[in-house]
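Q: Please take a close look at one strand in this model and describe how it sits among its neighbours. Then set it beside the other parts of the structure that can be described.

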Amino acid sequence: MYEFLKVSTEGKVGIITLNRPDVLNAWHSPMRRELAAALEAMNADEEVRAVIMTGAGERAFSAGQDLNETKSFDTERAREWVEEWRALYSAIRGMTKPLIAALNGVAAGSAFQVALQCDIRVGHAGSKMGQPEINSGIASTLGPWLMKEMLGLSRTIELTLTGRMMDGEECHHIGLIHHLVAADQVHAKAMEVAGELAEKPPVAMALNKRRFAEMTQPGFEDALAAGSRNQKEAYASGEPQRMMEAFFAEREKRKQNA
Amino acid sequence: MGVEIERKGALLCLTLNREERLNALDTDMRTAIVEALNAASEDDEVRAVILTGKGARAFCAGQDLNESRQLSPDGGDAWMDTWQRFFAAVSQCRKPIVAAVNGTAAGAGLQLALMADLRVAVPTARFLMAEINVGLPAIAGSYLLQTHLGQARMRELVLTGRVFTAEEASEWGLVQETRSPGQLMERAEAMALHLAEKPPVAMRLTLEMLRGMMRRGLSEAETAAVSYQSEAIATGEPQAQMARFFEARR
């Protein structure tokens, strides 16, 4: 059983729902461990031939990192944190079944990265995506690597340095969202795509998936190594902790004024 | 002849000529293309190459499934070897290549178009990386699509094996121009001639650089393709899918 996920199957399609809607499905260590475990279980289940990942509620796929967790990090914890990402991303990269992101809402930061590591993305105009790490004083490494693989260098630099969020239309235009539909059609369209992929020959499917991981392995290792170095340096400076405290103070003030 | 070879001044025009099989590539055709392109690479008089297909339906339907499904168990290596020579001759050609995509470009036919330098297509051209649908992994195809389009679009096209249109290909920058069937060859020749008139030393050096950018990735993909294909074939899945394909066509 999972505390932070809902997991189900419909026919040959497995569905993993990120389920912390009160914090926009943001993840912390225990939730990331559950997500890796759920993906590995789906991958091992012979009845499942395609997997959908989505978020609970109407606002977010996932807001990414739970800043309540990171605000108290020291350099050693920051280094461990990068290793936790290795575990989750390795589980995603090790999937021999197609993974479809049903983007019911915002996918920010590491959730954007997880969405980019899915094979096919279905979203709506409100499925905002981007890499706002810079705004919390967090150095980005895996995000820029993933974006460069998909978008080329020019867009990668602009998105990384501004931390700007793109709306669903823009994501569709530049190829990040494959199917742009009405918000209430995201789940149905994702099911249709997953159903189609579930009927493909499974050996060829698994071999293609393995090849995608193999093609990108050197870049992945390189980005993780850089991530480890950069996070350590960033947290040693105290900047991310200050930025996140400021973020929470700001939010508290907004709540009191509301 | 499986391939029509025609010289027009500084241009060499190769036409895949097996219309009844949608210009699917058999061993003889691949050999003819390898010989013609290798000769063109060495011939100072040839300054650009045009690749096209006969008829209104297909540029090239890819590998000839009739040939691949009749492969004997020990014939696989020699067969893969002819493919490697084919990829090398096209992707390392020392003359610029314009693909005039007159119809469907599928599987290896799409790869052929992707190895060209410029692409002009009829508006009704259809493109697909069809391998998954016959139970084969698309290894070189993934590399070529990723190089042109990036990971996001590549993964969707490779895993679904879906058709994409000339309009999509134009929007993504994969096809530079579209022309009606009546004007396709005229435009392809104009594009090829435009390249043929460039200063030859700068063209040769620039092409060396461009070919070099692809050489390592493509050759690594081809090596990987041999083991991935063998692994697929050992499970019997592609054979079963192809049998189903021929059954459905009967």
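A: A residue is called buried here if 20 or more other C-beta atoms lie within 10 Å of its own, with C-beta atoms placed from the backbone. The model is a predicted one, and the part chosen is strand E3 of chain A, residues 50-55. By that cut-off E3(A) is mostly covered, since six of its six residues are buried. The burial applies to both faces of the strand: Ala50(A), Ile52(A) and Thr54(A) point one way, Val51(A), Met53(A) and Gly55(A) point the other way, and all are buried.

E3(A) has pairing partners in chain A. One is strand E2, residues 13-18 of chain A, which pairs with E3(A) in the parallel sense over six bridges. Within this pairing, Ile52(A) of E3(A) has Ile15(A) standing opposite. The connection between these strands involves helix H1 of chain A, residues 29-44: E2(A), H1(A) and E3(A) make a right-handed β-α-β unit. Another partner is strand E5, residues 99-103 of chain A, which runs parallel to E3(A) and is joined to it by four bridges. Here Val51(A) stands opposite Leu99(A) in E5(A). Ile52(A) and Val51(A), the residues named in these two pairings, point opposite ways from E3(A).

Chain B can be described through an open sheet of four strands, in the order E4-E6-E8-E9, with mixed pairing. Its edge strands are E4(B), residues 58-60, and E9(B), residues 164-165, each of which pairs on one side only. Inside the sheet, strand E6 (residues 104-106) and strand E8 (residues 126-128) of chain B pair in the parallel sense over two bridges. Ala105(B) stands opposite Phe127(B) of E8(B). Helix H4 of chain B, residues 108-115, lies across E4, E6 and E8 of that chain and runs at about 100° to E6(B).

The two chains also touch. The contact takes 21 residues from chain A and 24 residues from chain B. On the chain B side, helices H5 (139-149), H6 (151-160), H9 (200-234) and H10 (237-249) each supply at least two residues. H6(B) gives the largest share of that side, with eight residues. By residue type, the side of chain B that touches chain A divides into 11 nonpolar, seven polar and six charged residues.

To return to the strand in question, E3(A) is a buried strand that pairs in the parallel sense with E2(A) and runs parallel to E5(A).

Technical notes: Residues numbered from 1 in each chain as written. Chains lettered and ligands numbered in written order. Predicted model: local features only at pLDDT ≥ 70, side-chain atom pairs only at ≥ 80, totals over all residues. Pairing = 2+ DSSP bridges. Contact = placed C-beta atoms within 7 Å. Axes fitted to C-alpha atoms, helices over the stretch in contact; angles between N-to-C directions. Buried ≥ 20, exposed ≤ 12 C-beta atoms within 10 Å, placed from the backbone. Right-handed = clockwise from strand over helix to strand, strands pointing away. Nonpolar A, V, L, I, M, F, W, Y, C, P; charged D, E, K, R; others polar.
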